[in-house]
Amino acid sequence: MITRPATFRLRFLKIWRQKTPPRTYATLTGEPSPQTWPHQSQFGNIHDDQVARLAARPLHPLALADLIRHGRPPLSTEALFSSANFTLSLLPIRLAHRIQALRNLPFIVVSNPHIAQIYSNYVHSLSTLLPYQERRISNLEDEIQFTEVMADLVQTHSNTIPTLARGFLECRRYISPGDVTRFLDEHLRARIGTRLIAEQHIALHLSSKPHNGGVSTPQHHDQSSYTGVIDTALRPAEIIRHCEAFVGEICELKYGVRPTLVINGQSDARMTHVPTHLEYIITELLKNAFRATVESGKEREPIEVTIAAPPEVPEAASQATDSTHLPSIPGVTIRIRDRGGGISPEVLPHIWAYSFTTFADEDVMATGNNGGGGGGGNGNVDALNAISGAGGDSSSLAGLGYGLPLGRAYAEHFGGGVQVQSLWGWGTDVYLKLRGLGKSG
């Protein structure tokens, strides 16, 4: 659990006493009351009009093609400046939208120390970017400083989702599960794009380094299929095998046995995608499949993974090769089939929800104080508890389906998706669709 200094708690207690939530005020007096938000924090200072102006601008639909358009590293100085300015054109608007979304929550929820810290983090990050909006990045000194700001942004928001989840757990009396699901789903999707934009420029900066006396040796980069954090020749089969080894070790440690996994279809297919995104999705899907298979006593039945690529269209393939220099296909569909008995009809409608209503107060406090731990104790560990660290950790197999809403958000970010077909009493088919060069919302 994150502890806050006394001055932090006193500051928000003072804010709470001075500012009445509009809904409560209207309920008691029948009159609307304007609500203002403090923007001064220990990190930075921004003004209402700056946030409102940026939040009123539409979000740019992000595509993988946007992130690789600056070329394969090592980049020239001009291309590196172009990447920095492109990053700068997107991130302030995205941060302002997140600040506005946090403001739209009930004030008592934002007063929670965990959620208040996230709000303060977004204010801090936006305040560090605003000075660069007044000018274009056109020299190496500014580019280096801007990259340091990007590194600070990534580090500052590295624990955003677990912290938010913990805050919502503590505030679940004041906000409905449906509102939490909608907020977290939107916030996670926005965070995926924001983090990817920042990490892409950092990776391009580190792999180019024209400020260190010219570009690095091009032969090394010619052998790599990476453009920043994006792999332009990613093989899903290799990611699946890597995740299988990881999940299999967890499964064997917990149950003393692991199922086998068979890959068929087009195992040599390649595509353009973000490896870390695919690793997360596949890991969560395999956790569910391995757990269901073992607990149903079907560990001798192999988990079957099928990779299917769409038929190649000559015109589209030539256009992709000319514009992006990518030899890979536009996307794949991956089916994960297990004989784990399927998902019960009672559970199936809720697999996409960040639900937390099954936990009582003492359960939440107990799991939080225990620091997690697989499947012991309460069997109703759900998505919100899982991602807050209250009901498990990254190596746990407990919490059937808790990774599905998170994995679906990663898949849908560039136009893909996850679909679940359950045959209760037999097994489950999960279809993961990935688009290599699709746009996000």
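Good morning. I begin with the largest nonpolar core, which has 94 residues, and within which Phe168, Ile334 and Leu432 have the most contacts. Such a core is a set of buried Ala, Val, Leu, Ile, Met, Phe, Trp, Tyr and Cys residues joined through side-chain atoms within 4.5 Å, buried meaning under 20% relative accessible area with a 1.4 Å probe, protein chains only. Helix α5 (residues 77–103) gives the most to this core, namely 12 residues; helices are DSSP runs of H or I of at least four residues, strands E runs of at least two, numbered from the N terminus.

This is a predicted model, in which local features need pLDDT of at least 70 and side-chain atom pairs count only at pLDDT 80 or more, while totals for chains, interfaces and linings use all residues. Residues are numbered from 1 along each chain as its sequence is written, and side-chain values use heavy atoms, with hydrogens and water left out.

Ile334 touches, among others, Pro236, Ile282, Val305 and Leu434, residues up to four places away in sequence not being counted; contact means heavy atoms within 4.5 Å.

I turn to confidence. The chain averages a pLDDT of 78, on the predictor's scale from 0 to 100 for each residue. Strand β5 (residues 303–308) has the highest mean among the elements, 98, and helix α2 (residues 22–29) the lowest, 33. Over residues 1–35 pLDDT stays under 50, and over residues 356–402 it is below 50. Where pLDDT is low, the predicted coordinates should not be read in detail. Thank you.

Terms used:
Buried < 20%, exposed > 50% of the residue type's maximum accessible area, 1.4 Å probe, protein only.
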